[in-house]
Amino acid sequence: MPRVGLTPALIAAEAAAISDERGFDELSLAAVAKRFGVAPPSLYKHVDGLAGLRREVSLLTVTELGDRLQSAAVGLSGPEAVRALFTAYRNYAHEHPGGYTATQRAPDPSDTEASKIYARPVQVIAAVLRGFDIPEDQMVHTIRALRSAVHGFIDLEAQGGFRMPENIDESYDVLVEGFIRALERWPASATGRAADHTTHEGEN
């Protein structure tokens, strides 16, 4: 019989905490089992090995991130909503570094449950971006650009890539405000790029 009180949700929460302490890539069944005072094989009654454990952590942290983004953006629109998203993203990464790493790994497309959960943060971002009249055929590209901007900064910060004395929070504000300006011009710039491409094609 499974250990009384030990559940997949409880295991995932403890595994997420270990990921924050040690790093998501350092997560192991042995580390989680030690926290609960059980032998590692006992966890197989609740999770499908290490891959299953990491999946559960990913689903938990993606849900948390989606909730955080939704709460940050609710009632806001335009630039204020974008600022709230950027702030919520970075704060989550600071508070849950291992969990944040877990959110960056896209699920197997055949995993419909995971795909649905992973879609929620993206849906929150898309809702905010629609306040800028982003064309639907540009939406995926714009979401990727936003995530890349946020993640690039967060990753460099976490790796100690910013050693100059200037305030890092101010640098992040510059990134946010620059991205907002890009969003405000996005339809025109996208159209212009397409027009340039067509012109060059006609010249060849």
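Arg-144 and Ala-158 are exposed (over 50% relative accessible area, 1.4 Å probe, protein chains only) on the other side of helix H7 from its buried residues; helices are DSSP runs of H or I, at least four residues, numbered from the N terminus. The model is predicted, with local features needing pLDDT of at least 70 and side-chain atom pairs counting only at pLDDT 80 or more, while totals for chains, interfaces and linings use all residues. Residues are numbered from 1 along each chain as its sequence is written, and side-chain values use heavy atoms, without hydrogens and water.

The buried residues of H7 (under 20% relative accessible area) are Met-139, Thr-142, Ile-143, Leu-146, Ala-149, Val-150, Phe-153 and Ile-154. They lie on the same side of H7 because they cover an arc of only 130 degrees around the axis, taken from the directions from the helix axis to the C-beta atoms. H7 has 20 residues and spans 28 Å from first C-alpha to last, close to the expected 28 Å, which is 1.5 Å times one less than the number of residues. Gly-160, with a positive phi near 75 degrees, follows H7.

The largest nonpolar core (buried Ala, Val, Leu, Ile, Met, Phe, Trp, Tyr and Cys joined through side-chain atoms within 4.5 Å) has 32 residues, of which Leu-69, Phe-86, Ile-125, Leu-129 and Leu-183 touch the most other members. Two or more residues each come from H3 (49–73), H4 (78–95), H6 (112–129), H7 (139–158) and H8 (168–203). H4 contributes the most, eight residues. Beyond neighbours within four places in sequence, Phe-86 contacts Leu-146, Val-150, Tyr-172, Leu-175, Val-176 and Phe-179 (heavy atoms within 4.5 Å). Another core, of 18 residues, lies apart and includes Ala-16, Phe-24, Leu-43 and Val-57.
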